[in-house]
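Please look at the sequence and the 3D structure together before reading on. What can be said, step by step, about how a chain of this kind is arranged?

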Amino acid sequence: TPNGVATTCTGTPTVTAVLPGAGEPNGMVAVTLKGLNLTAATVDVAPGDLTLANATVVDDETMTVDVSVDPMATTNVDHTLTLSPGGSTAICSWGA
């Protein structure tokens with residue numbers, strides 16, 4: 001490091017796993033996102049069949065979020081979860 005000053009670099013949030021990867025209509029699912037650089041991340045989903053609540057960063061590699069699936073949700077549809085900053089995305093299938 002120049003002049004003996006340590007530099008800390010943070011990267012774009014990256015998702016390597018979404019557990020579980022599915023849920024049922026009219027249900028609430030506690031989802032764990034695994035990845036890298038999640039410390040300052042937030043998660044969002046486009047309006048529609050899913051509602052997210054209680055997003056919590058556990059550590060740099062783990063985030064949890066409660067996913068509520070609309071009772072009238074279409075099954076076997078992929079939804080994109082977007083992590084910010086950086087716009088990293090994770091795609092997971094929700095439904096029967």
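The report below goes from the whole protein to one strand and its partners.

The model is a predicted one, and it contains zero helices and seven strands, so that a reader who follows the sequence meets the pattern β-β-β-β-β-β-β. Of the 96 residues of the protein, 28% count as buried, while the area that the protein exposes comes to about 5600 Å², with carbon and sulfur atoms supplying 53% of it. When the contacts with a separation of 6 or more are considered, 53% of them are accounted for by residues 24 or more positions apart.

Strand β2, which covers residues 28-36, is a good place to look in detail. In a regular strand, the side chains alternate between the two faces of the sheet. In β2 the covered face is made up of Val29, Val31, Leu33 and Gly35, whereas Met28, Ala30, Thr32, Lys34 and Leu36 belong to the uncovered face.

Strand β2 is joined to both strands listed in the table, β1 and β5.

| Pair | Partner residues | Bridges | Direction |
|---|---|---|---|
| β1 and β2 | β1: residues 14-19 | five bridges | antiparallel |
| β2 and β5 | β5: residues 62-69 | seven bridges | antiparallel |

Single residues can be followed across these pairings. Leu36, from the uncovered face of β2, stands opposite Thr14, while Leu33, from the covered face, has Met63 in β5 as its bridge partner.

Notes. Residues are numbered from 1 along each chain as its sequence is written. This is a predicted model: local features need pLDDT of at least 70, side-chain atom pairs count only at pLDDT 80 or more; totals for chains, interfaces and linings use all residues. Side-chain values use heavy atoms; hydrogens and water are left out. Buried means under 20% relative accessible area, exposed over 50%, partly exposed in between (1.4 Å probe, protein chains only). Helices (H or I, at least four residues) and strands (E, at least two) are DSSP runs, numbered from the N terminus. Two strands pair if DSSP finds at least two bridges between them. Contact means heavy atoms within 4.5 Å. Accessible areas come from the Shrake-Rupley method with a 1.4 Å probe; for residues, only the protein chains shown count as cover.
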